[in-house]
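Have your viewer ready with the cartoon and side chains switched on. Could you load the model below and keep the selection box at hand?

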Amino acid sequence: VRALRPEALEDARLPEALRDVGRRWSELHGVEVGLTVTGRARVLRPEIEVALLRTAQEALANVAKHAHATRVGMTLSYMEDLVTLDVRDDGVGFTGTAGSTNGGYGLTAMRQRIEGVAGTLEIESDERAGTAISACVPALAGKVGA
Ligand SMILES: Nc1ncnc2c1ncn2[C@@H]1O[C@H](COP(=O)(O)OP(=O)(O)OP(=O)(O)O)[C@@H](O)[C@H]1O
Ligand SMILES: [Mg+2]
């Protein structure tokens, strides 16, 4: 039966959810957020989709709070065995904010959440190039409609 399902029913929900999060954040902060989706978008295990969605929300919260960015981009890439989510901004970078805060729990929580679904989190930051947060998780399929 599953093989006979129309393609539309197998459309992944995560890209739509990320688009909504980006749209709301944009309206709130007046900064454009782009979303690029590459590869064959498909439904992943709910805990994996939730981990990626929370990562995007936390990363965007940090951009709003620290980055002074003028552009923000999210890229969701579906590969054979892995899915990656990048959130990059063109803001001041960590060096631009280092020492100005005590550092909260956002990044730690993000890393724990991603590692909790057997993924990895990488952070790249530069005062000229801004900040990029990259989450990489296994592309474990979820049930359509679940
Ligand atoms: N996009 C970013 N641009 C510049 N600096 C950042 C960015 N994201 C995080 N940082 C820096 O990394 C620090 C740690 O981020 P983290 O999210 O862990 O804590 P926080 O945002 O300060 O507090 P919390 O998330 O608990 O509200 C920040 O205080 C800030 O200095
Ligand atoms: Mg934070």
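This tour moves from the overall fold through the helices and some single residues to a pocket.

**Before you click**

This is a predicted model, in which local features need pLDDT of at least 70 and side-chain atom pairs count only at pLDDT 80 or more, while totals for chains, interfaces and linings use all residues. Residues are numbered from 1 along each chain as its sequence is written, chains are lettered from A and ligands numbered from 1 in the order in which they are written, and side-chain values use heavy atoms, with hydrogens and water left out.

**Stop 1: the whole chain**

Start by colouring by secondary structure. You will find four helices and five strands, taking helices as DSSP runs of H or I with at least four residues and strands as runs of E with at least two, numbered from the N terminus. Along the sequence they follow the pattern α-β-α-β-β-α-α-β-β.

Next, colour by accessibility. Of the 146 residues, 40% are buried; here buried means under 20% relative accessible area, exposed over 50%, and partly exposed in between, with a 1.4 Å probe and protein chains only. If you prefer a contact map, count a contact when heavy atoms lie within 4.5 Å. Among contacts with a separation of 6 or more, 69% join residues 24 or more positions apart.

**Stop 2: helix α1**

Select residues 14-29. This is α1, with 16 residues and a reach of 22 Å from first C-alpha to last, close to the 22 Å expected at 1.5 Å a residue; the expected span is 1.5 Å times one less than the number of residues.

Which residues of α1 are buried? Show Leu 14, Pro 15, Leu 18, Val 21, Gly 22, Trp 25 and Ser 26 as sticks. They share one side of α1 because they cover an arc of only 135° around the axis, the arc being that of the directions from the helix axis to the C-beta atoms. An α-helix has 3.6 residues a turn, so residues three or four places apart point the same way. Rotate to the other side of α1 for the exposed Arg 24, Glu 27 and Leu 28.

Add β1 (32-38), α2, β2 (71-78) and β3 to the view: the buried residues of α1 pack against these elements. Then zoom in on Ser 26, in helix α1, which counts as buried because its relative accessibility is 17%. Leaving aside neighbours within four places in sequence, Ser 26 is in contact with Val 31, Glu 32 and Val 33. Try a distance label from Ser 26 to Ala 64: they are 38 residues apart along the chain, with C-alpha atoms separated by 9.9 Å. Just after α1 comes Gly 30, with a positive phi near 65°.

**Stop 3: α2 meets α4**

Go to Thr 55 in helix α2. Thr 55 is buried, at a relative accessible area of 2%. Not counting residues up to four places away in sequence, Thr 55 touches Leu 85, Met 110, Ile 114, Leu 121, Ile 133 and Ala 135.

Now pick out Gly 106, Met 110 and Ile 114, which are buried in α4. They lie on the same side of α4 because their arc around the axis is only 60°. The buried residues of α4 pack against α2, β4 (120-126) and β5.

**Stop 4: two loops and a strand**

Select His 68, in the loop between α2 and β2. Its phi is near 55°, positive in a residue other than glycine, and His 68 counts as exposed at 66% relative accessibility. In the loop between α4 and β4, Ala 118 has a positive phi of about 65° although it is not a glycine. Ala 118 is exposed, with a relative accessible area of 63%.

Move to Ala 132 in strand β5, which is buried at 6% relative accessible area. Its contacts, apart from neighbours within four places in sequence, are Val 87, Arg 88, Glu 122, Ile 123 and Glu 124.

**Stop 5: the largest pocket**

Finish by selecting Asn 62, His 66, Phe 94, Thr 97 and Leu 107, the residues nearest the centre of the largest pocket among the 22 that line it. α2 gives the most to this lining, with seven residues.

Methods:
1 Å grid on protein atoms, 1.4 Å probe; cavity = no way out; pocket = protein on both sides within 12 Å on 5 of 7 lines; lining within 4 Å.
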